[in-house]
Amino acid sequence: MPAPPDFEHMWRQLAPVGRSASSGGYFRQPWTSAETELRSWFAEQCATRGLAVETDGLGNQVAWWGDADVPGVLTGSHLDSVLDGGAYDGPLGVASALAAVDVLRDRGVTPARPLGIGVFVEEEGSRFGRACLGSRLVTGATTWDEAKELRDRDGVFLADAVADAGLDPSRGLLSLDRVGTFVELHVEQGRDLVDRGAAVGLASEIWPHGRWRFDFRGQANHAGTTRMEDRHDPMLTYAMTALAANKQARLSGERATFGRLAVEPNGTNAVPSLVTAWLDARASSDDALAELVASIERQAGDRAGRDGTSLAVTAESVSGSVAFDPGLAARLAALGDWPVIPTQAGHDAGILSAAGIPTAMVFVRNPTGVSHSPDEHAEAGDCLAGVEALADVLAELTGAPA
Ligand code: HGY
Ligand code: MN
Ligand code: MN
């Protein structure tokens, strides 16, 4: 059997998949050709390592090294991206997991507990709006009955998108019964490690966060003949809400972003009838998040009253605060004297932790902190340091001496 490709080779294999020639960013939306190609790539990588891969009815994947008799350690992440995303968010954790298996084998160790590599689908929620959809369905945090009603921006139902990608949801989902511990390696989405001068870190917590759809309804009218005082312009109500959200988050040290907008009828010479805007809000505690969103909603409602428009707010995806197992984080941080830091980014690790699986995250330095952007980057040396760190962590957790 030929030697498996090393990390750099795997990275070169991944580089062109779903990449935009114009922006250099990635469009790896779930159940599209690019993401399907990545699913095949992962299966090939597992086969090259003699690991039998299981693909469930949604496209979640897992491959185990070792038999199924005792709870094992699962590591992995996601391969899907946000729209025009970076190369590292997700795939770094999957490629590093494969490379860490190679490192352990090169060290001559055989795990005393099974070691699995997993890939969860639609972590970004970039197509169906629900973050970590794959891991939520696998853990039961979201049910299929609820999820199958989700539709993408073209109105395609989730079940149809999955079937169109050649998968069969009726085949069921991965079981996590064999998972005793989950570890996700991820590029840091922030500047904590670079400011500390550290290549690797561990996660202490994930801030609670969510997505709310704001529907601002007004009165369609002529852009020229309608006097300003006679308008009921939902674009105005939205604009004031976006400014209020930004101010509220800045004053409270939290995060609020309106990054997605849909306008009807979206004409140049007409006052719109409907403006739909999606709020991504994050805060340091569940109460702070609830207060932040309530304050934004309250200010939006007040403005709607003044504009003669109406407002409806719908929570589309909410993730509660996650405190990773502190004992596990301390035990693993001691392996490399790595810092233990919080993150404001959601992860499948947060979903598995919330499902009661002892979970840890390994972060790799991001020199600019930029993420969800074509400019996302991690230095090759730091990526390789992350692979070695993950191998150390997995050796520790599977009882295989490093
Ligand atoms: O949006 C997030 O926090 C993550 O990157 N999916
Ligand atoms: Mn991610
Ligand atoms: Mn992301």
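Start at glycine 108: this residue, just after helix H3, takes a positive phi of about 80°. The model is a predicted one, and what follows should be read as such.

Step back to H3 itself and select residues 91–106. The helix has 16 residues and spans 22 Å from its first C-alpha to its last, close to the 22 Å expected at 1.5 Å a residue. Colour H3 by accessibility next: 14 of its 16 residues are buried, so the helix is largely enclosed by the rest of the structure.

On the other side of H3, select aspartate 84, in the loop that runs between strand S3 (72–78) and H3. Its phi is positive, about 55°, although the residue is not a glycine. Is aspartate 84 buried or exposed? With a relative accessible area of 23%, aspartate 84 is partly exposed; the cut-off for buried is under 20%.

A second residue to select for its backbone is histidine 372, where phi is near 55°, again a positive value in a residue other than glycine. Look for histidine 372 in the loop between strand S15 (359–364) and helix H12 (380–397). Histidine 372 has a relative accessible area of 38% and is partly exposed.

Now go to the peptide bond from glutamate 264 to proline 265, which is cis, with omega near 0°. Proline 265 lies in the loop between strand S9 (255–264) and strand S10 (270–271).

Strand S9 leads into a sheet. Show S9, S11, S7 and S12 together: these four strands form an open sheet in the order S9-S11-S7-S12, with antiparallel pairing. S9 and S12 (310–319) are the edge strands, each pairing on one side only. From one strand to the next, the twist averages 20°.

Within the sheet, zoom in on S7 (residues 209–217) and S12, an antiparallel pair joined by nine bridges. Which residue in S12 stands opposite phenylalanine 214? The residue there is valine 313.

Finish on the surface, at helix H8 (residues 234–252), which holds methionine 240. Select Leu236, Met240 and Leu243 and show their side chains: the three form a nonpolar patch with about 270 Å² of accessible area together. An α-helix has 3.6 residues a turn, so residues three or four places apart point the same way. Methionine 240 counts as partly exposed, at 34% relative accessibility.

Notes:
Residues numbered from 1 in each chain as written. Chains lettered and ligands numbered in written order. Predicted model: local features only at pLDDT ≥ 70, side-chain atom pairs only at ≥ 80, totals over all residues. Heavy atoms only, no water. Helix = DSSP H or I, 4+ residues; strand = E, 2+ residues; numbered from the N terminus. Buried < 20%, exposed > 50% of the residue type's maximum accessible area, 1.4 Å probe, protein only. Expected span 1.5 Å × (residues − 1). Patch = residues over 30% accessible without salt bridge, like charges linked within 9 Å, V, L, I, M, F, W, Y side chains within 5 Å. Areas by Shrake-Rupley, 256 points an atom, 1.4 Å probe, with all protein chains shown as cover. Salt bridge = Lys/Arg side-chain N within 4 Å of Asp/Glu carboxyl O. Pairing = 2+ DSSP bridges. Axes fitted to C-alpha atoms, helices over the stretch in contact; angles between N-to-C directions.
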